[in-house]
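Trainee: Could we go through this model together? I would like to learn how each label is earned.
Mentor: Happily; ask away once it is on the screen.

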Amino acid sequence: MKESKILLLDLLSINRPVSVKTIADISIEQWRVLLAMADMHRLQPLLYWRLIKERQLVLPKEVTERLTISLRKSAMHMLQIQAELVCLSRILDLEQVDYMVLKGAYLAFDIYPNSALRPMRDIDILVPEEQIERAYQALLAAGYCTPSYYRKVNLESVSEFNKHYPGLQSATGNVLIELHLRVLTPEVCRPEDPSEDPGLWQRREKLIIAGQTIQVMSTMDLLLHLIVHGCHDHRFNNGPLLISDVQFLLKKGTVDWSWFWTQAKRFNVIKGCILTLRMVEFYLGKQKIEYLQDVNNEEEHLEQLLSELSLLMLQNFDLRAENINLSRVKVDIKLRHKVSYVLKKFFPSPEGLGLLYPVKKNSPAIVYFYALNFFRVIKKIPMYCRIKSAGEGDTLRQLVLLKDWLRDETG
């Protein structure tokens, strides 16, 4: 599996392109493994672009057909996303709600050469905390609804401890929308969330889609957000689109690097930014990046880490939460810390329980929900036991390596 991950990343690479001979020698069984992995991480359209559009390679018929179909499906889905963005913008404008679209929508429709190359799982929209309830109710009134697979939660706990409200499904059922009251998960950002900075809202940029003005995050804010979201918030489990996002953004936008590193220092994420930017250059070639002067002191250690940690971008997407939980237990040296972490999974704080179930901390029903959560965790134990046998041992080791690299920033 590790060899397949390395090969797929190299197939997507500009700086480390796989030779024509090596590609010709890939068996159809290997291609099926690679395409399944690419599909899990929304990479098939980009793989089509790199191999067929840019390099003009002749691939096996089955491979070409699957990549072509994937590109067409992505193009159709992005048309639905585009229509939904216009609709959302009109609803929020009518309600006089401030907002900005995060990540994918701006990237797909303004930064990538073709929107189909940047498939999206959902639309993320940041709304000021004092306006989010009004925005949420406005979307419900407009026909949006909570999908059946979303567990009902206590919105008071969400407002205090989570970064977004429960997802809402469009009336067509084809698009999921997440209203964010914060940019990052509270436990990740210290000492404040970027959304608390008035400058973030003042720096907003405008994107015109189908004649409608869409408010989006500024280029520099988006660059910082992509990196912190991918490295610190998700431990790279949101996939290799992160590095192409950064590359295309750097190619199109202008970055004030003095401002960027000042912000990175402010939010205590310098090491994560350095690691991610180096990873982009490792696979996609030299970029117009101005690093801090003392980065060279870490250069040798970085080179050793890059090829290993980049494989986290292709970890099993369905096991990503379990892998992070296990790695957090593994990285703690002291037994009492391990025990404490596990116990919190079984018995979270009353507020934390509200992120999982629709119960307030003072409700008499909280005992029932604690019992429900206990059995929910118990049911997951066999899954944790299967992770190592499923070939995830390398992933756990890589997550620990990443935690060690970021230790000064994440505690």
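Mentor: Let me begin with a term: a cavity is a set of grid points where a 1.4 Å probe fits but cannot get out, and its volume is the space filled by probe spheres set on those points. Please keep in mind that this is a predicted model.

Trainee: How many cavities of 30 Å³ or more does the structure hold?

Mentor: There are 2 of them. The second largest cavity encloses about 60 Å³ of space.

Trainee: Which residues line the second largest cavity?

Mentor: The lining is made by L9, L12, L43, L46, R50, P240, I243, S244 and L284. Helices α4 and α11 (241-252) each supply at least two residues to that lining.

Trainee: And what is the volume of the second largest pocket?

Mentor: That volume is about 290 Å³. A pocket is an open set of points, whereas the probe cannot get out of a cavity. The second largest pocket has 15 lining residues, and D39, R42, S70, S74 and P119 are the ones nearest its centre. Two or more lining residues come from each of α3, α4 and α5, with α5 giving the largest share, 7 residues.

Trainee: R42 lines that pocket, so why is R42 called buried or exposed?

Mentor: Set the value against the cut-off: buried means under 20% relative accessible area. R42 has 17%, so R42 counts as buried. R42 sits in the loop between α3 (28-40) and α4 (44-54), and its phi is positive, near 60°, in a residue other than glycine.

Trainee: What makes a positive phi worth pointing out?

Mentor: Most residues other than glycine have a negative phi. Q56 is also not a glycine, and its phi is positive at about 50°. This residue is in the loop between α4 and α5.

Trainee: Why is Q56 called buried or exposed?

Mentor: Exposed means over 50%; Q56 has a relative accessibility of 65%, so Q56 counts as exposed.

Trainee: How do you know how many disulfides there are?

Mentor: A disulfide needs two cysteine sulfur atoms within 2.5 Å, and by this rule the count is 0. For C145, the closest cysteine sulfur is in C87, 13 Å away, so that pair is too far apart for a bond. C273 is in no disulfide either, with its nearest cysteine sulfur, that of C231, 8.0 Å away.

Trainee: Where do C145 and C273 fall on the accessibility scale?

Mentor: C145 has 36%, so C145 counts as partly exposed. C273 has 0% and is therefore buried.

Trainee: Which residues touch the most other members of the largest nonpolar core?

Mentor: F260 and L275 do, in a core of 122 residues. Helix α5 (residues 61-94) gives the most to this core, 10 residues. Beyond its neighbours within four places in sequence, F260 is in contact with L223, L224, I227, V255, C273 and L277. Another core lies apart, with 6 residues, including L353, Y357, V359 and I366.

Trainee: Last one: what makes S310 buried or exposed?

Mentor: S310 has a relative accessible area of 0%, so S310 is buried. S310 lies in the loop between α14 (299-309) and α15 (320-331). A polar atom of the S310 side chain is 3.1 Å from the backbone oxygen of S307, and a polar contact asks for a pair within 3.5 Å. Setting aside neighbours within four places in sequence, S310 is in contact with L9, M279 and Y283.

Terms used:
Residues are numbered from 1 along each chain as its sequence is written. This is a predicted model: local features need pLDDT of at least 70, side-chain atom pairs count only at pLDDT 80 or more; totals for chains, interfaces and linings use all residues. Side-chain values use heavy atoms; hydrogens and water are left out. Buried means under 20% relative accessible area, exposed over 50%, partly exposed in between (1.4 Å probe, protein chains only). A nonpolar core is a set of buried Ala, Val, Leu, Ile, Met, Phe, Trp, Tyr and Cys residues joined through side-chain atoms within 4.5 Å. Helices (H or I, at least four residues) and strands (E, at least two) are DSSP runs, numbered from the N terminus. Contact means heavy atoms within 4.5 Å. A polar contact is a pair of N or O atoms within 3.5 Å; within protein, one must be able to donate a hydrogen and the other to accept it, and residues adjacent in sequence count only if both atoms are side-chain atoms. On a 1 Å grid over the protein atoms alone, a cavity is a set of points where a 1.4 Å probe fits but cannot get out, and a pocket is an open set with protein on both sides within 12 Å along at least five of seven lines; lining residues have an atom within 4 Å of a point.
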